[in-house]
Structures are given as C-alpha cells and as structure tokens.
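Hi,

Here is the structure I said I would pass on. Have a look at it first, and then read on for what turned up.

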Amino acid sequence: MEKRAIVQRGPQPSRLGLRLIVPMLMFAGGLGTATWWLSESLVLRQTISEGRTVADMVENIGRWASQYGGVHVRTEGANAKIPGNFLTRSVYSVSGADNQVLQGSRVEAAVVERSALDRVEAYHWKNPALIQREVADVISASGSKARYRLTARTVLNKNNAPDAFEREALDVVQAAADTRANAQNAQEYWRVSGGRLLYARSVVAQPSCLRCHDKPDSAPEFIRTNAQFNGGGGYGYVAGKPAGLISVSVPLASMNNAVKTLPPEVWAAIALAGVGALWMLVLAFSRR
C-alpha cells in the first residue's frame, strides 16, 4: 500500500501579511490620531493661557492706576492739545505774577499775557478704566495680534457696547456668579471662532468704580455733559458684584502651521520610529 507524506504548510503569505500589516496600521493610525488630538489640546491650552495673561495685564494696569486714584496728564500752555478723554481738568498758573496777569489784577502789555498763557499748566484726570481703554487702543494701533477691550451689559460709551460673543459671556459669568457664595471669584468663558480664541473674564466692581458708575447725578460733570458718554447705561454698579468683562482676542495657531514649525529633532524622531516599524515588519516576514 502506497504511503503519502503529509506536508504541513504554514499560513499563506497573503494571510500572514494581513495579520502583520493590519495590527501595525491600527497601531500607527491610533497613535497618530491620539498625537494629533493631544497637539490640538496643547495648542488650545497654550492659547487660553495667553488670553489669561492678557487679562492679568489689564487687571494689573487697573490696580496700578487705582493705587494713585487714577493718573493726571499734564499739558502746558492754553493752546496745548487735549490728551484724549478725561474726567476732570484743573488749570494752574505757574507763578503769582502770571496769576495776577491772568486774573486781571495787573495791567500789562498783551505780550505778557500771551507769555503767561503759554506757561499755564493743566492736569487732566483719567480714572483706571480710561487708562485701561487707552492702553487697549495703543495695542490695537500697534498691529499686535492679541487685543482686548472692556465692555459691560450697559455702557457709558456706545463704542464699548458688547458684541454677540461678549453678550453670551456676560450671561455665562453672571449665571456662574449667581450660583457661588463668593461672587468675587473671577469667572471666565471662552470659545474658538474664525481661527481666534475669544476669551472673557468678569470684572468685579470696586468702590473706586462707583465714582463714575453709581448714579448719573453723582458722576463727574465731564461724563454728564459730554455726548460721547451718553450711551444709555453704565450706572448702577454695586461694589463686589460683577459689572463687566475684559474681552480678549488671541489668534489660535493652526495645526498646519504648528507642523511646519516643528524642529528637525521631531522629524528625526518620527523618521526613526518609521524605520523601526518597517524593520519589525521585515523581520517578521523573514522569520516566517
């Protein structure tokens, strides 16, 4: 009786390839996806940190100005350029002789009076909020990518009225403040729109704010008589309660730009990992 040898065959090459390639592709795809999501999360966290830093700067500008009760801007001469918005103005003559000329107690030639007017000093008072807004204007004019502004639900100046995001943020931080025992805790809100991070932090009214934002009758005369500040609101602040927002806009780095700016060391590490994966695949095929 003829005997036949039984030959055991290993897995087919196609099946063997699938058994090796599919898990490796799954591993590489999962690792790549996780790395991408992690990178996006890190970029977002970094951008939020930048927004917080800008808001911190704005608050510190306000604290600096508050410790002096605001800042007075000095101009010299009766025809000097007015230094932007201010709340009060005080004018002084630099000497008793000039004061007598300007008061009319001395009769002098016209040239003496003009000379006295050229030496007149005026001090324009700017409160902390005005200083913060003027710094925001300087930053915007400089072309800086990070910008900020101050706004509230109702404002004195219509130019500071909140936009759609800021109204949304006002609702969120107010709701958060209402549910917490300590409303002075800083509340924040952010979202991404148009390739930029929109960040908002609530501003808690301080006693110094009430000088302008308590009641219309007690506001400085410049605010009451200047049409620019008749925005239909901006009063009724309560010390210790949320009153408005610091609104910050910061560009959000795209992943494409982030990948383009990766250092050579990162690309070298990726290439090394790819060579290692191919090496493992070749060894697995050769052993089978």
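Let me start with one pair of side chains: glutamate 134 and lysine 126 form a salt bridge, with their closest N and O atoms 2.6 Å apart. One thing to keep in mind throughout is that this is a predicted model. The two partners sit in different surroundings, since lysine 126 is buried at a relative accessible area of 4%, whereas glutamate 134 is partly exposed at 29%. Elsewhere, Asp56, Glu59, Arg63 and Arg201 are joined into one network by salt bridges that share partners.

Lysine 126 also turns up in a sheet, where this β3 residue is the bridge partner of valine 71. So which strands make up that sheet, and in what order? It is an open sheet of three strands, ordered β1-β3-β2, with antiparallel pairing. β1 and β2 (88-92) are the edge strands, and each of them pairs on one side only. From one strand to the next, the twist averages 20°. Between β1 and β3, which run antiparallel, there are six bridges.

Those strands are also linked through side chains. Arginine 74 and glutamate 121 meet in a salt bridge, 3.0 Å from N to O. Arginine 74 belongs to strand β1 (residues 71-76) and glutamate 121 to strand β3 (residues 121-126), so this pair ties together parts that are 47 residues apart in sequence. Glutamate 121 is buried, with a relative accessible area of 18%; the cut-off for buried is under 20%. Arginine 74 is partly exposed, at 43%.

Back to the network for a moment. Two of its members, glutamate 59 and arginine 201, have side chains that meet in a salt bridge at 3.2 Å, N to O. How far apart in the chain are these two? They are 142 residues apart: glutamate 59 is in helix α1 (residues 13-66) and arginine 201 in strand β6 (residues 196-204), so the pair links distant parts of the chain. Is arginine 201 buried or exposed? Arginine 201 is buried, with a relative accessible area of 8%, while glutamate 59 is partly exposed at 22%. In general, side chains of opposite charge can pair when their charged atoms come close. For this model, the count of salt bridges comes to 10.

Strand β6 brings us to another sheet. This one is open too and has four strands, in the order β4-β7-β6-β5, with antiparallel pairing. The edges are β4 and β5 (188-193), and because each has a single partner strand, one side of each is left without a neighbour in the sheet. The twist from one strand to the next averages 20°. Inside the sheet, β6 pairs with strand β7 (residues 242-251) in the antiparallel sense, over nine bridges. One position to find in the viewer is alanine 200, whose bridge partner in β7 is serine 247.

On the edge strand β4 (residues 147-151), take a look at threonine 151. Threonine 151 counts as buried, at 4% relative accessibility. What does threonine 151 touch, apart from its neighbours within four places in sequence? Its contacts are Asn160, Ala161, Pro162, Glu166, Gly244 and Leu245. With asparagine 160 there is a polar approach as well: a polar atom of the threonine 151 side chain lies 2.6 Å from the backbone oxygen of asparagine 160.

For a contrast, go to alanine 227, in the loop between α7 (221-225) and β7. Alanine 227 is exposed, with a relative accessible area of 63%. In space, alanine 227 is 8.9 Å from asparagine 157, C-alpha to C-alpha, although 70 residues separate them in sequence.

Finally, the chain as a whole. Its secondary structure comes to nine helices and seven strands. There are 288 residues, and 28% of them count as buried. The accessible surface comes to about 18800 Å², with 57% of it belonging to carbon and sulfur atoms. Of the contacts between residues at least 6 apart in sequence, 71% join residues at least 24 apart.

If you want one place to begin, try lysine 126, which is both the salt-bridge partner of glutamate 134 and the bridge partner of valine 71.

Cheers

Notes. Residues numbered from 1 in each chain as written. Predicted model: local features only at pLDDT ≥ 70, side-chain atom pairs only at ≥ 80, totals over all residues. Heavy atoms only, no water. Buried < 20%, exposed > 50% of the residue type's maximum accessible area, 1.4 Å probe, protein only. Contact = heavy atoms within 4.5 Å. Areas by Shrake-Rupley, 256 points an atom, 1.4 Å probe, with all protein chains shown as cover. Polar contact = N/O pair within 3.5 Å; in protein donor to acceptor, adjacent residues only side chain to side chain. Salt bridge = Lys/Arg side-chain N within 4 Å of Asp/Glu carboxyl O. Pairing = 2+ DSSP bridges. Axes fitted to C-alpha atoms, helices over the stretch in contact; angles between N-to-C directions.
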